[in-house]
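Visitor: I would like a close look at one part of this protein. Please take me through the sheet and what lies around it.

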Amino acid sequence: MSTVKGQLISSQRFLDEAKVADKASRFKRFIVSVYPIVIRGVQYTILMDGHHNYAAAKLAGVEPDYRPITKKVLRIIGGMSEREREAFFINNVTV
């Protein structure tokens, strides 16, 4: 997955700035897991995992390597109705 569809959103409320700075200084590639979803008719991409990697990529001035969520998580989310998925993610629609 090379691009993000719609606005990228996250439920992460705390980032360890020391961890972000360390990753930014040591790594060149930053992998993050994302999930595209339409909520109330608006396209978003949820940052599911790799919040520190995402922040480190931004600090380093590089684009993160966006990857789809794991098959296990996809199977769980895929087992939900569209309405259940929307309700599950609706609290994350904050910037």
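Visitor: Which residue in E4 is the bridge partner of isoleucine 31?

Guide: The model is a predicted one, and in it isoleucine 31 has aspartate 65 of E4 as its bridge partner. Isoleucine 31 belongs to strand E2, which spans residues 31–39. E2 and E4 run parallel and are joined by four bridges.

These two strands are part of an open sheet of four strands, with the order E1-E3-E2-E4 and mixed pairing. E4, residues 65–68, is an edge strand, and so is E1, residues 7–9; each of them pairs on one side only. From one strand to the next, the twist averages 40 degrees.

A helix also packs on this sheet: H4, made of residues 82–89. H4 touches both E2 and strand E3, residues 42–49. The direction of H4 makes about 120 degrees with that of E2.

E2 also contributes to the largest nonpolar core, a set of nine residues. The members are Ile9, Tyr35, Ile37, Ile39, Tyr44, Ile46, Ile69, Ile77 and Phe89. E2 and E3 are the elements that give two or more residues to this core, and E2 gives the most, with three. Residue 9 lies in edge strand E1, and Ile9 is one of the core residues. Phe89 is another member of the core, and residue 89 falls within H4, the helix that packs on the sheet.

A further core, of six residues, lies apart from the largest one. Its residues include Ala24, Ala55, Ala56 and Ala57.

Note on methods. Residues are numbered from 1 along each chain as its sequence is written. This is a predicted model: local features need pLDDT of at least 70, side-chain atom pairs count only at pLDDT 80 or more; totals for chains, interfaces and linings use all residues. Side-chain values use heavy atoms; hydrogens and water are left out. Two strands pair if DSSP finds at least two bridges between them. Axes are lines fitted to C-alpha atoms, for helices over the stretch in contact, and angles run from 0 to 180 degrees between N-to-C directions. Contact means heavy atoms within 4.5 Å. A nonpolar core is a set of buried Ala, Val, Leu, Ile, Met, Phe, Trp, Tyr and Cys residues joined through side-chain atoms within 4.5 Å. Buried means under 20% relative accessible area, exposed over 50%, partly exposed in between (1.4 Å probe, protein chains only).
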